[in-house]
Amino acid sequence: MTPTWWKRRARPFVVMAVGVAALSAADARAMQVNPGDLMLAMFSNGTEYYRNLGPASTLLAGGTVNIDVGSSSLNPFTATAGSNPILWGLISAEGTTQLNTFMNTASTMTSQQIVDSQTVNSVVPVKSTMDGWRNQLGLSTPAGTEATLPASDPASWNTTWGLAGNLGGNMGAASFQGNLDSVLTLIKGQARVGAQLNVFSDVGRAVLTSNGMFSICGGAGCELQPVPIPAAAVLFGSGLIGLIGIARRKVAAMA
Amino acid sequence: MNCHFTFGRGPIWAAALCTLGLAAPYAAQADINIVGSTHGQAYQGVANPVAGQAAASVPLSLCDAGGMPERYQNQANLVDPNGPPPPNQILIPAGNIVVWRCTRGGVPNFLFRYTGGFSAMAYGNIKAPLNSPASMFTSIVPGGAGCAAEPGGNPKTDPGTGRQYNSFINCSQIVQVTANFATSDTNGPAFQPTMCDQSGTCAQTILNTGVTAFPITATAFSVIVGNGVQKCDPTTKAAAGKISLTRVQVEAIYSGAIASWNQLGYCVYPVAPLNPADGSLGAGAGDMSPIGTPFNAAIDQSIVTCSRPVDAGTRIVYDAVFQKDVTQITTGTIGPPFSGDFNYLAPTVADGLACVQGRSAAPASPANMNAITYNRADEAASPLVFGLGNVGRMRGGYPVAVDGVLPSNYLAPAVLNNPTAQERQNSQKAFRCGQYLFWADWVGIQRNTPDANQALWNQYIAGIANLLPRTQIGYFHARNLRPPAGGPAVNSEMFVQKANTKGPIQFNATDNTSGALNCR
């Protein structure tokens, strides 16, 4: 066995590893997060993954939107895996005055709990914290819509929102994060409607499955359809099997 | 100077000496340019001191005895050409640019320049190399366009130093000068990217790379509410007097988690007419209604919050000292006027007070008697800028005890603008004894590269130490001055020690060594 032989066998895997490493090096501070953009975050272990899903108003306009998160070149399910189950959350916020400030987030609350919960939640602090988080992630550079960060980073979800599920202590009811494969209720929280503070409503559903598919639908009580195995996973698996097959054939030929 | 040339090597020496002699006066004319926070205005003297006031001009103490120093100031807001284009242009507030011209070291036309406004901008100036474009800030031309003798007539007498000077105001001709030194309401690392305001701007951490920041003075912070806010009787809901707050409550209010006074057990009542009336306040301003005034459900019980922009040191210090664990509200309207919303950004110190008690002069604003704001106690208390509309004597609102302590006892002095030393000491007692925990350093900043004016800067800092007891702001001030090189405080009568940018705060609530300040 010569070094040349070893290098030839390893070349496809080295190329793939280098490619993955290069893509993983994307800096979270290169993300552009506009007001109202819905952010998906996967967290609870040492590394976190974020994806800008675009304007919440578009995603919640109706129908179901499926996004193949598992096919991301950042390998979010591998990057965020650890001793704790992967958690995920959704957050967006926008507004210029208290009267037009609102947020969208995903919650374990039922529709009735949403109605009952408004007095223990605070929309304005969530919006203000979201502004700080958007700023830390980076507003000036347009490149990139997804990124990873160490959980210890000052700009991480863990640092900004914590892992207690109450969005930094601003949301006191239920939990505003979910496990993989659990469907969460999407809620809209308005800072103020007339003299009434923290008015919440049911505006949709969302789920992040363990096979990598993120689905979201708009409208109270909307139904999420079963989702197929992501095409990227099929392609990746096929490619991997092919590479192994080629390698085995070459080894057999040299034997 | 007459230059006589002789023969041999003599002419060479003579020519050299002659040249040095001609050049020396100009080399010695090292103007000193300082850019910094509004707080620094307190040390630059006043355009028209009132006899008996306790004002003191520190720059005047740098001038030679004799002669007639001149003081120049802008009277109107001036557009800063270094700021962004309209509509986001920066206005340097009226009175924030001061230039002193006098004879120093026997050389005439020494210029002392101070421009106050925004701490972050000053930091940027001083971190840039001397004479580089980024080091330039806006000053006024002494004797330039617009400058006119102060209407009260010249000369003036500075009460603090006893020196006479001629005073000119309304200067509008601007000039760009390099920053020799800077001041800030807070140390650079206190600026955090999570501090954002409703303009969409967020603060950025300023590292002290290439510069040294050192505390000059320490100043208390005060929280102020409108006169409509009172305790309410738990049974009858009738008005029951001034409220107090805890730091955590203040934090919850400014995070938006608490948006109604009722959530804290307080109520908003109609205000009573001011007696005597005050035409300088805005529509709706009034005095506190008497205790026992019935609750009126028609009165808006919500909390109106008045904040400051993230490029103002006051805001950053407030965030670091009060808003320790959560972020401040980022929604709301940029005033003035402060009308039609629940949260406002007040661009200047004076605007922060106008947000509560309104203002009849331009830019006018109605009052918000259910509002809350914050300010450095010394600036808010200074009658130099705000007349009677200051924290201690502001008529549309009142300072609130935080965690049970006021930054001052706020007892009206016998002479409103000229408290005695004993009255000042009494007012500062809680702060200087370490019982009032909410305060911040005012810092000086200098480059780590040598500056020809270092000795002059040191003299200026020392001048603040010496003259502070005789300034008007001394009424609310803790005299905790330290030299530029660090080391022990110039004046050690204050025992409070605080982390550089943010708590925890430790203090030693004991009497000082002289026994002059009985803290127990």
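Here are a few notes on this predicted two-chain model, starting with confidence and ending with one residue in chain B.

1. Overall scores first. The model comes with an ipTM of 0.72 and a pTM of 0.77. For chain B, the mean pLDDT is 80, and 75% of its residues reach at least 70.

2. That chain B average hides a spread. Strand β16 of chain B (residues 266–268) has the highest confidence in the chain, at 98, while helix α7 of chain B (residues 383–386) has the lowest, with a mean of 37. I'd also flag two stretches. Residues 13–29 of chain B stay under 50, and the model gives them 14 contacts beyond four places in sequence. Residues 501–515 of chain B are below 50 too, with 32 contacts in the model beyond near neighbours in sequence.

3. Now chain A on its own. Its secondary structure adds up to seven helices and ten strands. The chain has 255 residues, and 41% of them are buried. If you take the chain A contacts with a separation of 6 or more, 68% are between residues 24 or more positions apart.

4. How do the two chains meet? The contact involves 18 residues of chain A and 20 residues of chain B. On the chain A side, helix α5 (residues 123–137) supplies the largest share, nine residues. By type, the chain A side has twelve polar residues, four nonpolar and two charged.

5. The largest nonpolar core has 173 residues, and the members touching the most others are A:Met39, B:Ala182, B:Phe221, B:Cys306 and B:Phe438. Strand β13 of chain B (residues 211–226) is the biggest contributor to this core, giving eight residues.

6. B:Ala182 is worth a look in the viewer. Leaving out residues up to four places away in sequence, what does B:Ala182 touch? One group of its partners is B:Ile34, B:Val35 and B:Gly36. Another is B:Ala122, B:Tyr123, B:Asn125 and B:Ile126, and B:Ile445 completes the list.

7. Last, B:Thr186, which sits in the loop between β12 (181–184) and β13 of chain B. Is this loop residue buried or exposed? B:Thr186 counts as buried because 30 other C-beta atoms lie within 10 Å, and the cut-off for buried is 20 or more. For a sense of distance, try B:Asn262: it is 76 residues from B:Thr186 along the chain, and their C-alpha atoms are 34 Å apart.

Methods:
Residues numbered from 1 in each chain as written. Chains lettered and ligands numbered in written order. Predicted model: local features only at pLDDT ≥ 70, side-chain atom pairs only at ≥ 80, totals over all residues. pLDDT = per-residue confidence, 0-100. Helix = DSSP H or I, 4+ residues; strand = E, 2+ residues; numbered from the N terminus. Contact = placed C-beta atoms within 7 Å. Nonpolar A, V, L, I, M, F, W, Y, C, P; charged D, E, K, R; others polar. Core = buried A, V, L, I, M, F, W, Y, C linked by C-beta atoms within 7 Å. Buried ≥ 20, exposed ≤ 12 C-beta atoms within 10 Å, placed from the backbone.
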